[in-house]
Structure formats: C-alpha cells, structure tokens
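Here are my comments on this model, point by point. Please keep the sequence and the structure open while you read.

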Amino acid sequence: MTVNPARPAPGDSPGTPPEAGGAPDDYLERRALRRGSAGWLLLTGLGVAYVVSGDFSGWNFGLAEGGFGGLAIAMVLMGIMYGCMVFSLAELSSVLPTAGGGYGFARRALGPWGGFLTGTAILIEYVLAPAAISIFIGDYVESLGLFGLTSGWPVYLFCFVVFIGIHLWGVGEALRFSFVVTGIAVTALLIFAVGAFTRFDAANLNDIPVDASAFGSNSWLPMGLLGIWAAFPFGMWFFLGVEGVPLAAEETREPARTLPKAIRWSMAILVVLALLTFFASAGSRGAAAIQDAGNPLVEALQPDGEPTTLSRIINYAGLAGLVASFFSLIYAGSRQLFALSRAGYLPRFLSLTSRRKAPYLGLLVPGAIGFGLAAATGDGARMLNVAVFGATISYALMSLSHIVLRRREPELHRPYRTPGGVATSSVALTLACAALVATFLVDVVAAVIALVVYGVAVAYFGFYSRHHLVAKAPEEEFAALAAAEAELDRG
C-alpha cells in the first residue's frame with residue numbers, strides 16, 4: 001500500500017498535524033456517519049426498495065430478446081446469480097462491516113487496485129441508475145396527467161432536490177421514508193397479481209412469433225437459444241441493486257448479525273415478487289402485448305386498451321415504486337462515494353459529513369451529475385444499460401473477493417458463513433461474467449460508454465490517487481492489519 005506521508009487533504013483544516021496517509025487528527029471525526037440508525041427491518045426494506053421499480057417496468061423488454069421461455073430461463077439464471085452472490089456478501093459484510101460495501105470486500109481480498117475497480121463499477125451503477133429512473137418518473141407523471149406536467153428537466157430537478165433534501169435531513173428519516181414508499185409499491189404488486197391472475201391463460205405466454213432462422217427456436221424460445229443469453233440483462237432487472245444493502249453497514253445496529261439477515265430477507269421477497277409479476281403480466285394480456293410497453297403491468301390489466309380502476313391504481317403505484325428505487329439508489333451511491341473518498345481513492349473533500357452526519361457532498365455531487373445527464377440526454381434506457389454494465393463487473397469482482405478471502409484467510413472470524421462456501425460464489429462469478437458479455441448483445445454503445453468512463457477512472461487512480469490513500473480509513477486499516485498478521489505468520 002502506498003500512502004502520502006505528509007500532504008494535507010483538500011478540505012481538511014490547515015495546520016492540523018498530519019498522520020499516516022496525510023490525514024489530520026480529526027480526519028475521521030469529520031467523516032463520521034450516524035451509528036445505529038437502522039435495524040434489519042429497515043435494511044430489508046432498503047434492499048427491496050433498490051429493486052422494486054424493476055418489477056413495474058424494464059424487465060418486459062427481455063421478451064423481445066428471448067420470448068417468454070428465454071426470459072424465464074434468464075430470470076432463473078440471474079436469480080441464481082444474485083442468490084449465490086448475496087449469500088457471499090452476507091458473509092463478507094459480517095467480516096468487514098464498513099460503508100465501503102463491495103469496494104471494502106475487494107480491497108481486503110484483491111488489494112488497492114481490486115478495491116478501486118470494484119468501487120468504481122458500483123459507483124457507475126449507482127450514479128447512472130437514479131438518472132435513468134428520474135426520466136421514467138417524468139414519463140409516469142406525464143402519462144398520469146399530474147399537475148399538467150410533461151416529462152422534462154423541471155420534473156427531474158424536483159426529484160433530485162426533494163429526495164436529496166430528505167437524505168440530508170438524516171439517514172434514519174430517509175430509511176423510514178423509503179420503507180413506507182416501498183411498502184406501498186409492494187402492496188400494489190400483490191394487488192396487481194391477484195387481479196391479473198383472474199385473467200390468466202397459459203396460451204398467452206408463448207404468443208410471440210417464432211423466428212424460424214434462429215437456432216433452437218420454438219414457441220417457447222421464439223428467438224432461439226441465443227435469445228436466452230440476450231435476455232440476461234433484463235432478467236437482472238428483478239434483482240438489480242439488492243447488493244447495495246452492505247453499504248449501510250456503518251449506520252446499522254449490530255451489523256455482523258443484522259446485515260446477513262436483511263440481505264437474505266430482501267432476496268427472498270424479491271424472488272416472490274419477480275415470479276408473481278412475470279407470470280401474472282404475461283399470462284393476463286400476452287407476452288406479445290407487453291414486450292414493448294413502458295408500463296407493462298398497466299397494459300396487462302387493460303385488455304381493450306381502456307383504463308380500469310385497478311389499472312389506474314397500479315399506474316400510481318408504479319410511480320411509487322420508481323420513487324422508492326430512485327430514493328434508495330441515491331443513498332447507495334452517496335455511501336459508495338463517501339467510502340471511496342474517505343480512503344483517498346477519490347478526492348477526500350467528497351467524504352465530509354454535515355452536523356446531522358450526512359455525507360452532503362457525496363449526495364450533492366452525484367445528484368448534480370445525474371440531473372445533468374437526465375436533462376441533457378433524456379435517454380433512460382441507455383443509461384440503465386450503462387448501469388447494468390457497471391453492475392456486472394462489480395458482481396464478478398465481489399464474488400471473486402469471497403473466493404480469495406476463503407482461500408487466503410481460512411481462519412478469519414466469520415459470524416456468518418456462506419452455505420456452500422466457494423462453490424456458491426464460483427457460480428455467482430461464472431454467471432456474472434456471462435451477464436457482462438450479454439450486455440454487448442443488447443447495447444454495444446452503452447457498453448463502450450461504460451468502458452470509456454471506467455478507463456478515465458482507472459487512469460486517475462493509476463497516476464494520482466493510489467499514491468494518496470488514507471491509512472487510517474477503515475478499509476485500509478483492515479487491509480494493513482491483515483498484512484501485518486500475514487507477516488507475523490511468515491516470521
């Protein structure tokens with residue numbers, strides 16, 4: 001580990017005696033989060049909130065890539081990937097309960113480069129996804145005719161200002177708000193499933209025309225076997241974001257016990273919601289009818305194209321689901337940025353916290369970037385594809401981190417142990433790599449954009465920030481302690 005031994009950090013008090021890594025005595029005091037603000041129930045709600053908007057829209061575009069059978073298989077495989085990964089993350093979060101989440105795990109297992117690559121990939125996901133969702137919120141507001149507004153920058157700005165403002169108020173208040181909105185969205189999904197299953201017809205599931213030229217095509221796989229692979233990114237939409245639960249580690253009561261429990265419960269709830277949503281939507285109206293819909297659940301409830309009381313309720317609930325995911329992803333992005341900045345991987349001033357212990361610059365800077373992207377492009381689908389690309393890289397590296405730590409540090413105290421051990425994380429690693437390649441099948445431009453952003457970040461780390469890491473940051477202290485113990489063992 002390379003550190004700068006004497007240079008004061010930007011944003012730190014001048015004249016303060018620096019310690020290791022160029023950090024003054026009060027460095028961590030000015031970068032402290034509010035401890036003990038969340039229990040397992042609020043964290044479970046946070047895990048569901050990250051994902052719930054994906055049940056209302058987005059996943060259905062996978063029907064156009066693989067048909068019902070192709071998307072069904074992709075959903076199962078991606079569900080297995082997430083299931084294996086969250087079990088691995090549950091173990092890692094019990095060992096290293098810091099705000100860095102996946103970055104902290106990879107830092108311990110793969111060194112500074114591995115930590116930075118993982119943290120940057122996660123940050124790409126959590127900056128781009130809220131920007132995309134703000135556009136979808138604008139589309140919902142316009143379609144519902146709320147206040148006569150159309151989808152555009154005023155709606156995006158309102159979302160960022162109001163919801164970042166709640167986060168600045170305090171983490172406890174923010175998580176409770178998220179929990180309530182998520183509860184509304186989940187209740188609506190259950191009501192939707194009940195209403196849609198009253199019209200369920202199995203014949204509707206495979207009504208997409210078959211491409212006879214595609215290898216292995218049939219009525220269940222109309223785009224052939226390759227369609228399964230192309231549907232991977234859309235199968236992820238039912239679970240994308242749940243891996244962010246460990247980012248709340250430093251604001252959690254008893255994190256070694258609470259985080260694994262919350263991660264497992266979040267995943268269990270998401271699996272149930274995915275199955276209900278997928279089968280009820282396609283079986284009610286038909287896979288062909290909803291494959292290109294921006295609001296597939298609403299379309300599934302309108303067989304004649306005319307709104308019904310239930311479809312209107314679900315339309316408003318879809319807006320609640322988008323708000324829940326937007327709100328919680330802002331939280332996740334701010335904590336990832338906070339952890340990377342506090343350790344010196346990104347400019348240190350970004351990790352300063354307010355009197356209410358909120359990382360205000362970690363909220364405002366990504367929010368400004370997200371709003372700028374949303375207002376300038378209006379292309380939510382492409383931004384989500386960029387976010388998915390970043391997510392798949394981080395999944396592969398986090399799964400690899402679990403494998404490396406199990407083999408390198410088998411005696412490390414693990415309050416929670418992953419069922420199946422490295423076999424479980426190896427499955428997650430394999431499927432994550434397959435999903436990463438699949439993003440090129442769906443949107444090459446988005447994948448290239450993500451690679452360019454990734455390349456710029458890597459250059460910044462390689463030429464500058466890796467020489468300015470903060471030794472006293474929790475993730476660096478964990479790594480230094482591990483290195484010292486290893487040295488003693490060799491001696």
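1. Start with Cys433. This residue of the predicted model is partly exposed, because its relative accessible area is 38%, between the 20% and 50% cut-offs.

2. Cys159 is another matter. Its relative accessibility is 3%, so the residue falls under the 20% limit and counts as buried.

3. How many disulfides does the model have? The count is zero. The rule asks for a pair of cysteine sulfur atoms within 2.5 Å.

4. Confidence next. The protein averages a pLDDT of 84, and 87% of the residues score at least 70. Residues 1–20 need care in reading: pLDDT stays under 50 there. The model still gives this stretch 52 contacts beyond four places in sequence.

5. Helix α1 covers residues 40–51. Its end C-alpha atoms lie 17 Å apart. That agrees with the expected 16 Å, because 12 residues are taken at 1.5 Å a residue.

6. Is α1 mostly covered or mostly open? Mostly covered: 10 of its 12 residues are buried. Among them are Leu42, Leu43, Leu46, Val48 and Tyr50. Thr44, Gly45 and Gly47 are buried too.

7. The largest nonpolar core holds 148 residues. Tyr82 and Tyr395 touch the most other members. Helix α4, residues 102–144, supplies the largest share of this core, with 21 residues.

8. Look closely at Tyr82. Beyond its neighbours within four places in sequence, Tyr82 is in contact with Tyr395. Its other partners are Met236, Phe239, Leu240, Val242, Glu243 and Met267.

Conventions. Residues are numbered from 1 along each chain as its sequence is written. This is a predicted model: local features need pLDDT of at least 70, side-chain atom pairs count only at pLDDT 80 or more; totals for chains, interfaces and linings use all residues. Side-chain values use heavy atoms; hydrogens and water are left out. pLDDT is the predictor's confidence in each residue, from 0 to 100. Contact means heavy atoms within 4.5 Å. A nonpolar core is a set of buried Ala, Val, Leu, Ile, Met, Phe, Trp, Tyr and Cys residues joined through side-chain atoms within 4.5 Å. Buried means under 20% relative accessible area, exposed over 50%, partly exposed in between (1.4 Å probe, protein chains only). Helices (H or I, at least four residues) and strands (E, at least two) are DSSP runs, numbered from the N terminus. The expected span of a helix is 1.5 Å times one less than its number of residues.
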